[in-house]
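Here are some notes to help you find your way around this one. Keep the viewer open while you read.

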Amino acid sequence: MSLIDVRNVSFSYTRQRKTLHDVSLTLEKGRNLGIVGESGSGKTTLLRILLGLNRPTTGDVSFEGKRLDPRNREFMRRFRCGVQAVFQDPYSSLDPRQRVFDIIAEPLRSLGIEGDRRTAVMQAMSAVGLTADAAERYPHEFSGGQRQRIAIARAIVSRPDVILADEVVSALDLSTRIRIVELLKDLSQTTTFVLVSHDLSLVSSLCEDVIILERGHIVESGKTRDILANPSHAYTRTLLASIPRMPV
């Protein structure tokens, strides 16, 4: 089943500056997708388009077979429920004025999701390895790894179909990275991930499929194991040769 389809998407900030060039991809339910490239490759712009934050200059994005349309409020609410994000920096992605409970519950409130919010929050906290007493504390009382767990709990509390994860371990120390990767592996049993990263070794541990972006162009795409075993593009070979492997 296709969850997200991107067809012939290009994006330009100005007429002279095109960030994405004719990008197409399909995210299938149960198959995690890695988007890999160096800084400036267009990864973040593509992520914002997948989140519906930027509209493509040309091309279409669909969710569950239906084109994203900001004018269709009911459909966009379903899209917001179905697609959540975890960002790179756990220090800046959490409101320091809010307690952890309120941070995690925010999607339930903003999306108008009915039900027992306390139970939903506690279940999300448990799923990411946070104890119940963390709910009444503030973000500054936690380590970087714990803050990223809070951010992940916020993303999963609404039980989304897809989580878009943007460089979620790059701001963490090595031992914390390994624990967060193991957490993502566990969560991927029930949720499909799009993992945006510059690290092919990280993507290989989590994603069945991968696309390689260079200067806004997809230069290679397919099954991760096939591309890593036999990269056909020079840029992919350069990434493999130059990026340190993270033990997982």
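The points below go through the sheet, the hairpin, the helices and a few single residues.

1. First, a caveat: what you are looking at is a predicted model. Local features are discussed only where pLDDT is at least 70, and side-chain atom pairs count only at pLDDT 80 or more.

2. Start with the open sheet. Six strands make it up, and reading across you get β6-β7-β8-β3-β9-β10, with mixed pairing. At the edges sit β6 (83–86) and β10 (217–223), each of which pairs on one side only. If you ignore direction, neighbouring strands here are turned by 15° against each other on average.

3. Zoom in on one end of that sheet. β6 and β7 run in the parallel sense and share four bridges. To find the register, look for Gln 84, whose bridge partner in β7 is Ile 163.

4. Next, follow β4. Strand β1 (residues 2–14) and strand β4 (residues 58–63) are paired in the antiparallel sense, over five bridges. A handy marker for this pairing is Arg 7, which stands opposite Asp 60 in β4.

5. β4 has another partner to look at: with strand β5 (residues 66–67) there are two bridges, again in the antiparallel sense. Ser 62 is bridged to Arg 67 in β5. Together β4 and β5 form a hairpin with two residues between them, and Glu 64 in the turn has a positive phi of about 55°.

6. Now for α1. How many of the eight residues of helix α1 (residues 43–50) are buried? Six of them are, so the helix is largely enclosed by the rest of the structure. The buried ones are Lys 43, Thr 45, Leu 46, Leu 47, Ile 49 and Leu 50, so you will find a lysine on that list as well as the leucines. Just after α1, Gly 52 takes a positive phi of about 80°.7. Helix α2 (residues 73–82) is worth a look too. Its buried residues are Phe 75, Met 76, Phe 79, Cys 81 and Gly 82. What do the buried residues of α2 pack against? The answer is α1, β4, β5, β6 and β7, so α2 is a good place from which to tie points 3, 5 and 6 together.

8. On to helix pairs. Two packed helices are described by the angle between their axes and the distance between the axes. Helix α3 (residues 100–110) packs with helix α4 (residues 117–127) at an angle of about 120°, and their axes are 10 Å apart. That angle makes α3 and α4 oblique to each other, and α3 passes α4 in a right-handed crossing.

9. Which side chains should you display for that pair? From α3, pick Phe 101, Ile 104, Ala 105, Leu 108 and Arg 109; they meet Arg 117, Arg 118, Ala 120, Val 121, Ala 124 and Met 125 in α4. Sorted by class, the contact of α3 with α4 has eight nonpolar residues, no polar ones and three charged ones.

10. The other pair is helix α5 (residues 144–156) with helix α6 (residues 174–187), which pack at an angle of about 15° with their axes 10 Å apart. α5 is therefore roughly parallel to α6, since angles under 35 degrees count that way. Here as well the crossing is right-handed.

11. In this contact, Gly 145, Gln 148, Arg 149, Ile 152 and Ile 156 in α5 meet Thr 176, Arg 179, Ile 180, Leu 183, Leu 184 and Leu 187 in α6. By class, that gives six nonpolar, three polar and two charged residues.

12. Take a moment over Asp 161, found in the loop between α5 and β7 (162–166). Is Asp 161 buried or exposed? It is buried: its relative accessible area is 17%, and under 20% counts as buried. Leaving aside its neighbours within four places in sequence, Asp 161 is in contact with Leu 3, Lys 29, Phe 63, Glu 64, Arg 78, Gly 82, Thr 191 and Thr 192. Glu 64 is the turn residue of the hairpin in point 5, and Gly 82 is one of the buried residues of α2.

13. Last, a couple of backbone angles to check. Most residues other than glycine have a negative phi. Asp 22, in strand β2 (residues 17–28), has a positive one, near 50°. Arg 215 also has a positive phi near 50°; look for this residue in the loop between β9 (209–214) and β10. Arg 215 is exposed, with a relative accessible area of 67%.

Terms used
Residues numbered from 1 in each chain as written. Heavy atoms only, no water. Axes fitted to C-alpha atoms, helices over the stretch in contact; angles between N-to-C directions. Parallel < 35°, antiparallel > 145°, perpendicular 65-115°, else oblique. Left-handed = near helix turned anticlockwise from the far one by under 90°. Contact = heavy atoms within 4.5 Å. Nonpolar A, V, L, I, M, F, W, Y, C, P; charged D, E, K, R; others polar. Buried < 20%, exposed > 50% of the residue type's maximum accessible area, 1.4 Å probe, protein only. Pairing = 2+ DSSP bridges.
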